Amino acid sequence: MVDKAAIARQFIEAIPHSKALGMVLTEISDGMAEIVMAYNPALIGDPQTGVIHGGAVSALMDTCGGAAVMSHADAPAGTATIDLRIDYMRGATPGQAVRARAECYHITRSVAFVRATAFDEDPDNPVATASGAFTVERLS
Amino acid sequence: MRRPAPEPVQIVKQRRDAALAALVGGVPYMQFMGIGVDRRGDELTATMTYDEKLIGNPLLPALHGGATAAFLEVTALIEISWAMLWNDIESGAIDIETLVDGTLPRLPKTIDFTVDYLRSGLPRDAYARAKVTRSGRRYASVQVEAWQDNRDKLFAQATCHFLMPARTSGAQ
């Protein structure tokens with residue numbers, strides 16, 4: 001029996017862009033993933049407030065969605081994003097880490113469906129939500 | 001009727017370039033991502049210079065979907081901000097000295113962002129242009145296209161909605 005979560009973890013932690021953004025995989029299980037991105041001044045989008053750029057939150061959501069797909073029991077190999085929609089509720093509080101949780105709630109032979117939510121230290125007040133479709137790559 | 005003499009071209013360019021530099025230069029995340037913006041008149045083209053840290057799949061290799069999304073989002077935000085400021089830049093209502101000092105007017109905020117990945121991003125420079133399809137008093141819709149070697153072969157496109165800042169001063 002192959003440990004999908006272990007493979008997904010190994011793969012996610014080897015992604016150069018995720019490493020550059022300081023993402024750390026904190027939880028991964030069947031179709032679920034959680035990734036934390038520490039506050040980093042290099043990611044600031046608004047210098048007047050210190051709020052990190054929405055683009056960094058998008059990258060976090062995309063990575064977390066991909067991790068959720070890869071950890072799903074029915075996903076044979078890799079995945080790529082087909083589309084992703086992100087809704088921004090508010091700016092992440094400066095100085096706080098952003099934590100994304102993604103769930104692959106349905107998967108077919110070709111497509112995986114994912115939703116994700118991002119929080120800072122306030123767990124009742126999401127920073128952003130996302131939903132997306134990912135490819136299901138076959139082992140050739 | 002007599003038309004007023006046009007301003008010397010270098011004055012116009014200096015003002016436009018200073019405004020663009022103020023919009024782009026002060027954003028740490030754009031420097032982190034290697035994103036710059038070129039201007040021809042009012043048309044902007046964003047460039048994301050290839051770097052190993054933008055890779056999402058080292059086996060292919062391909063750009064990270066998150067890096068692509070961020071590139072499109074940055075491009076859309078710069079375009080809507082630029083479009084919002086354009087009239088004030090042209091009329092001189094915006095004081096360029098203040099802009100250069102880093103004091104920007106309030107900028108639009110992203111409400112939502114939808115990105116379509118059309119083909120995988122190659123490990124080389126990427127380009128993007130955005131178009132404001134509708135800009136109202138409170139909300140705006142912007143479309144963005146990104147390509148690499150071939151302008152007709154988009155590798156990603158996106159639609160974004162923005163919340164426009166409340167206009168406080170006498171400007172319309």
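Tutor: Let's start with a definition: two strands count as paired if DSSP finds at least two bridges between them. Keep in mind that this is a predicted model.

Student: How do you know that β5(A) and strand β5 of chain B pair?

Tutor: DSSP gives 5 bridges between β5(A) and strand β5 (residues 109-117) of chain B. The cut-off is at least two, so the strands qualify as a pair. Their sense is antiparallel. As for who faces whom, A:Asp83 stands opposite B:Asp116 in β5(B).

Student: What makes B:Asp112 and A:Arg85 a salt bridge?

Tutor: The closest N and O atoms of B:Asp112 and A:Arg85 are 3.3 Å apart. The limit is 4 Å between a side-chain nitrogen of Lys or Arg and a carboxyl oxygen of Asp or Glu, so this Arg and Asp make the grade. The pair crosses between chains, going from strand β5 of chain A, where A:Arg85 sits, to strand β5 of chain B, home of B:Asp112.

Student: How many salt bridges does the rule find across the interface of chain A and chain B?

Tutor: Just 1 across that interface. The rule also gives 14 residue pairs in polar contact there, with both residues at pLDDT 80 or more. Over all chains, the search turns up 13 salt bridges.

Student: Which elements give two or more residues to the side of chain A that touches chain B?

Tutor: They are α2 (16-20), β3 (44-46), α3 (54-71) and β5 (81-88) of chain A. β5(A) gives the largest share, 8 residues. By class, that side of chain A has 17 nonpolar, 10 polar and 4 charged residues.

Student: And how many residues does the contact take from chain A and from chain B?

Tutor: 31 residues from chain A and 34 residues from chain B. The buried area between the two chains is about 2400 Å², and carbon and sulfur atoms give 60% of that.

Student: Back to the bridge. Why is A:Arg85 called partly exposed?

Tutor: Its relative accessibility is 33%. Buried needs under 20% and exposed needs over 50%, so A:Arg85 lands in between. B:Asp112 has 7% relative accessibility, which is under 20%, so that residue is buried. A:Arg85 also has a partner in its own chain: A:Asp87, with the closest N and O atoms 2.7 Å apart.

Student: What makes B:Arg16 and B:Glu90 a salt bridge?

Tutor: The same kind of check: their closest N and O atoms are 2.8 Å apart, and the limit is 4 Å. This pair links distant parts of the chain, with B:Arg16 in helix α1 (residues 9-25) of chain B and B:Glu90 in helix α3 (residues 65-91) of chain B, 74 residues apart. B:Arg16 has 16% relative accessibility, so it is buried, while B:Glu90 has 25% and is therefore partly exposed. Elsewhere, salt bridges that share partners tie A:Glu27, A:Glu34, A:Arg99 and A:Arg101 into one network.

Student: How do you know that strand β1 and strand β2 of chain A are joined?

Tutor: DSSP gives 6 bridges between strand β1 (residues 23-29) and strand β2 (residues 32-37) of chain A. With at least two needed, they count as paired. They run antiparallel, and A:Met23 stands opposite A:Met37 in β2(A). The two strands form a hairpin with 2 residues between them, and A:Gly31 in the turn has a positive phi of about 75 degrees. β2(A) is also joined to β6(A) by 6 bridges, again antiparallel. There, A:Ala33 has A:Ala102 as its bridge partner.

Student: Why is A:His72 called buried?

Tutor: A:His72 has 13% relative accessibility, and the cut-off is under 20%, so buried it is. A:His72 lies in the loop between α3 and β5 of chain A. Leaving aside neighbours within four places in sequence, it is in contact with A:Lys4, A:Asp30, A:Gly31, A:Cys104 and A:Ile107.

Student: What makes A:His72 and A:Asp74 a polar contact?

Tutor: A polar atom of the A:His72 side chain lies 3.0 Å from the backbone nitrogen of A:Asp74, and the limit is 3.5 Å.

Student: Last one: why does A:Tyr105 count as partly exposed?

Tutor: A:Tyr105, in strand β6 (residues 98-107) of chain A, has 38% relative accessibility, neither under 20% nor over 50%, so partly exposed is the label.

Notes
Residues are numbered from 1 along each chain as its sequence is written. Chains are lettered from A and ligands numbered from 1 in the order in which they are written. This is a predicted model: local features need pLDDT of at least 70, side-chain atom pairs count only at pLDDT 80 or more; totals for chains, interfaces and linings use all residues. Side-chain values use heavy atoms; hydrogens and water are left out. Contact means heavy atoms within 4.5 Å. Buried area is the accessible area (1.4 Å probe) that two parts lose on being put together, summed over both. A polar contact is a pair of N or O atoms within 3.5 Å; within protein, one must be able to donate a hydrogen and the other to accept it, and residues adjacent in sequence count only if both atoms are side-chain atoms. Helices (H or I, at least four residues) and strands (E, at least two) are DSSP runs, numbered from the N terminus. Ala, Val, Leu, Ile, Met, Phe, Trp, Tyr, Cys and Pro count as nonpolar, Asp, Glu, Lys and Arg as charged, and the others, Gly among them, as polar. Buried means under 20% relative accessible area, exposed over 50%, partly exposed in between (1.4 Å probe, protein chains only).
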